[in-house]
Amino acid sequence: MWPLDLYNRVGLPVPNSTGTLPVADGMLAAYRSLEPLVRVGVQFAVAVLVTMNVFGLLHSYASNAVTKSRRSPVISVGIGLPSLLVVVGLTGTGYLIVDTSIGVFFGIPLVILGATVIPVVLAIGLTAIGCTLAARFGTDRLWVGIVGGALVSGLAGLALPATVAVATLAGALGLGAGIRVLFSGVGTARPDERTVPPANKI
């Protein structure tokens, strides 16, 4: 943590004794004050609503990302985890500087970036986890994966460390798969779309 006088000179909000910002600390305290069953219900409902909106707006992209993440989850997590740390770091930096003189030009776009990317990748990652779990019970439908991922998110609400672990795994999985889908669309065509030269005529 930086020295307090440095925060004052730069004009950033000063963290409290726990090392967190007052607003973030208040939200965390409010979250912990909820009953475990209430947290389960809230996280389940939020996960369902966000995931349905994401797949409704980005159905083709999100579905391809779920398929990509299930085919090679290790690669997706390997790509997505450092990328998720970068996105979260940029969002936190934007939140810190949003009240400063440069916040209008740098802070707000960074916060908007995080608020746009993080829910999308969480929805993709949770759905991929839900589809993987549902496949073990003999079904592989997308809506079952959405509900299953929301159930995983809800059950993680029983403990804060579980919520952080599930969010990190889902975010890394979804972001890695999303990046791979974006880059797979750039370059050569798919193998089944390659043209075959016509036979030589005599």
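Visitor: Among contacts between residues at least 6 apart in sequence, what share join residues at least 24 apart?
Guide: This is a predicted model: local features need pLDDT of at least 70, side-chain atom pairs count only at pLDDT 80 or more, and totals for chains, interfaces and linings use all residues. Residues are numbered from 1 along each chain as its sequence is written; side-chain values use heavy atoms, without hydrogens or water. Contact means heavy atoms within 4.5 Å. Among contacts in the protein chain between residues at least 6 apart, the share joining residues at least 24 apart is 69%.

Visitor: How many helices are in the protein chain?
Guide: Helices (H or I, at least four residues) and strands (E, at least two) are DSSP runs, numbered from the N terminus. The chain reads α-α-α-α-α-α-α-α along the sequence. Strands number zero, and the count of helices is eight.

Visitor: Which element gives the largest share of the largest nonpolar core?
Guide: Such a core is a set of buried Ala, Val, Leu, Ile, Met, Phe, Trp, Tyr and Cys residues joined through side-chain atoms within 4.5 Å. This one has 23 residues, and Val66 and Ile124 have the most contacts inside it. H3, H4, H6, H7 and H8 each give two or more residues. The largest share is seven residues, and they come from H6.

Visitor: What does isoleucine 124 touch, not counting residues up to four places away in sequence?
Guide: Ile124 and Val66 have the most contacts inside the core. Leaving out residues up to four places away in sequence, Ile124 touches Tyr61, Ala62, Ala65, Val66 and Gly174.

Visitor: Within what arc do the buried residues of H4 fall?
Guide: Buried means under 20% relative accessible area, exposed over 50%, partly exposed in between (1.4 Å probe, protein chains only). In H4, the buried residues are Ala62, Ser63, Ala65, Val66 and Ser69. They line one face of the helix, because, by the directions from the axis to the C-beta atoms, they fall within an arc of 160°.

Visitor: Which exposed residues does the face of H4 turned away from its buried side carry?
Guide: The buried residues of H4 have cover that includes H3, H5, H6, H7 and H8. The face turned away from them carries the exposed residues Ser60 and Arg71.

Visitor: How far apart are the end C-alpha atoms of H3?
Guide: The expected span is 1.5 Å times one less than the number of residues. H3 has 22 residues, so the span should be 32 Å. The model agrees, with the end C-alpha atoms apart by 32 Å.

Visitor: Is valine 38 of H3 buried, exposed or partly exposed, and at what relative accessible area?
Guide: Valine 38 is found in helix H3. Its C-alpha atom is separated by 9.1 Å from that of leucine 158, 120 residues apart along the chain. Valine 38 counts as partly exposed because its relative accessible area is 39%.

Visitor: Is threonine 91 buried or exposed?
Guide: Threonine 91 has its place in helix H5, residues 73–97. Beyond four places in sequence, it touches Leu110, Val111, Gly114 and Ile118. With a relative accessible area of 16%, threonine 91 is therefore buried.

Visitor: How many contacts beyond near neighbours in sequence does the stretch 188–196 have?
Guide: The chain averages a pLDDT (the predictor's confidence in each residue, from 0 to 100) of 82, and 79% of the residues score at least 70. Over residues 16–20 pLDDT stays under 50, with seven contacts beyond four places in sequence. Where pLDDT is low, the predicted coordinates should not be read in detail. Over residues 188–196 pLDDT is also below 50, and the number of contacts beyond near neighbours in sequence is zero.
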